[in-house]
Amino acid sequence: MKVHVSAVGTSLLKNSLEDNEVRKEVEGLGLKDWDRLKFNDDRQNVIKENFDDMKKLLLNFIKSKGESSSAELDSLFSAMRKFKHKEEEVYVFLYTTNTSNSILAGETIRDYLKEKGIRSELVTVKTISSEETFYEGIEDLFDKVVYKILKFKEEGNEVYINATAGLKPETTFISLAGLLAGADVIYYKYQEFNEVVLLPSLPITISPKYLEWLIRFTNQGYTLSERRASELGIPIMVLESKGLVEKKGEDAYRLKDWVRKMLGIYLPAGVRNKYKVIVEGEGEKTFDSEGEAYEYMKAKAKEGKKVRAEVPERVYFLGV
């Protein structure tokens with residue numbers, strides 16, 4: 001299977017304004033700039049309230065305009081021709097931000113692909129709208145997109161990342177994280193000369209010294225004091241300067257959640273996301289979900305029990 005991973009932007013909404021029928025409806029709802037609405041714009045609710053009707057209009061627009069109706073479709077079909085991919089062997093994995101205009105574009109594109117007989121899937125990730133929500137968004141991308149790429153690769157599929165559409169910070173991050181996860185190709189369509197180009201896609205990995213420091217950190221728990229980090233040979237200030245850990249309190253440093261998720265890429269296939277929780281005096285319990293394991297650990301810790309969690313062959317985190 002040839003898997004194409006693509007963000008969904010709002011170029012479809014912008015291009016649809018070329019159609020008189022669509023423009024009339026959109027302007028009648030006060031949405032003439034609907035492709036540029038911010039996540040907290042009240043008019044996102046107007047789109048939500050008229051979602052089904054607007055999706056029908058957009059779907060008709062795509063059918064009349066074809067692949068040039070959006071950056072996602074234009075780049076996808078151009079890449080399929082370049083790589084000689086047949087429709088029946090292609091699977092399109094789309095991801096959109098959790099705003100009404102982006103979801104509208106994503107669902108319309110997904111439905112169009114399905115009508116053409118191309119298997120497709122759409123997931124929604126958190127919008128990165130500020131510095132405060134940046135890492136939440138990155139963590140959500142790991143959960144819903146990067147780990148999906150890992151699964152596609154483990155199943156023996158070829159993975160192609162389309163870096164053309166969507167918001168650039170997310171697309172850049174997915175391109176880099178996708179290479180860590182084993183993606184085969186990253187491509188981009190330049191509108192200036194109407195050609196798909198392949199971006200350098202050499203396999204990349206974390207520097208061994210950083211990987212060693214980070215794993216050593218996770219083996220000790222969620223937080224470390226500066227003194228304890230020094231005893232373990234972990235340059236905590238270097239990790240903080242790289243945005244890999246954050247300071248908690250006067251003398252405690254915590255590994256960021258997205259970093260712990262990234263480390264999951266380096267777990268052997270078949271044991272990833274298997275969390276064994278060991279409770280003093282009660283034995284062990286295994287979870288597929290990190291969140292469930294963590295909640296179980298917290299509950300046992302509140303009971304005053306000593307607990308730790310690990311994956312086979314490697315302690316993932318200790319204590320709470």
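Let's start with two helices. The axes of α5 and α6, residues 100–115, come within 10 Å of each other and cross at roughly 35°. Keep in mind that this is a predicted model. Who makes the contact? On the α5 side, Glu-72, Leu-73, Leu-76 and Phe-77. On the α6 side, Ile-109, Tyr-112 and Leu-113. By class, the contact of α5 with α6 has six nonpolar residues, one charged and no polar.

Now step back to the whole chain. We have 320 residues, and 50% of them count as buried. The secondary structure comes to 13 helices and 13 strands. Take the contacts with a separation of 6 or more: 64% of them join residues 24 or more positions apart.

Next, the six-stranded sheet. What is the strand order? Read across the open sheet and you get β3-β2-β1-β4-β5-β6. The pairing is mixed. At the edges stand β3, residues 119–125, and β6, residues 195–199, and each pairs on one side only. From one strand to the next, the twist averages 25°.

Look at β1 and β2. β1 covers residues 2–7 and β2 covers residues 90–97. They pair in the parallel sense, over six bridges. Find His-4, and opposite stands Val-92 in β2.

Two helices pack on this sheet. One is α5, residues 71–83, which we met at the start. α5 touches β1, β2, β4, β5 and β6. Its direction makes about 120° with that of β5. The other is α8, residues 168–180. α8 touches β1, β2, β4 and β5. Its direction makes about 135° with that of β2.

Back to the edge strand β3. β2 and β3 pair in the parallel sense, over seven bridges. One pair to look at is Phe-93, whose bridge partner in β3 is Glu-121. Is β3 enclosed or open? Five of its seven residues are buried, so β3 is largely enclosed by the rest of the structure. So here is an edge strand, pairing on one side only, that is still largely enclosed, because five of its seven residues are buried.

One general point while we are on strands. In a regular strand, the side chains alternate between the two faces of the sheet.

Now a single residue in this sheet: Tyr-188. Tyr-188 lies in strand β5. How accessible is Tyr-188? Its relative accessible area is 24%, so Tyr-188 counts as partly exposed. The cut-off for buried is under 20%. What does Tyr-188 touch, beyond its neighbours within four places in sequence? The list is Ala-163, Thr-164, Lys-168, Glu-195, Val-196, Val-197 and Leu-199. Ala-165 is 23 residues away from Tyr-188 along the chain, yet the two C-alpha atoms are separated by 8.7 Å.

On to the other sheet. Three strands form this open sheet, in the order β7-β9-β8, and the pairing is antiparallel. β7, residues 223–224, and β8, residues 245–247, are at the edges. Each has a single partner strand, so one side of each is left without a neighbour in the sheet. β8 pairs with β9, residues 253–255, over three bridges, in the antiparallel sense. Val-245 stands opposite Leu-255 in β9. A helix packs here too: α9, residues 208–218, touches β7, β8 and β9. The direction of α9 makes about 105° with that of β9.

Which residue should we look at between α9 and β7? Gly-221 has its place in that loop. Gly-221 is buried, with a relative accessible area of 6%. From Gly-221 to Arg-254 is 33 residues in sequence, but 8.7 Å in space, C-alpha to C-alpha.

Last stop, another helix pair. α2, residues 20–28, and α4, residues 51–65, pack at an angle of about 155°, with their axes 10 Å apart. That angle makes α2 roughly antiparallel to α4. The crossing is left-handed. From α2, the contact uses Glu-21, Val-22, Glu-25 and Val-26. From α4, Met-54, Leu-57 and Phe-61 take part. The classes for α2 with α4 are five nonpolar, two charged and no polar.

Key
Residues are numbered from 1 along each chain as its sequence is written. This is a predicted model: local features need pLDDT of at least 70, side-chain atom pairs count only at pLDDT 80 or more; totals for chains, interfaces and linings use all residues. Side-chain values use heavy atoms; hydrogens and water are left out. Two strands pair if DSSP finds at least two bridges between them. Helices (H or I, at least four residues) and strands (E, at least two) are DSSP runs, numbered from the N terminus. Contact means heavy atoms within 4.5 Å. Axes are lines fitted to C-alpha atoms, for helices over the stretch in contact, and angles run from 0 to 180 degrees between N-to-C directions. Angles under 35 degrees count as roughly parallel, over 145 as roughly antiparallel, 65 to 115 as roughly perpendicular and the rest as oblique. A crossing is left-handed if the near helix is turned anticlockwise from the far one by less than a right angle, and right-handed if clockwise. Ala, Val, Leu, Ile, Met, Phe, Trp, Tyr, Cys and Pro count as nonpolar, Asp, Glu, Lys and Arg as charged, and the others, Gly among them, as polar. Buried means under 20% relative accessible area, exposed over 50%, partly exposed in between (1.4 Å probe, protein chains only).
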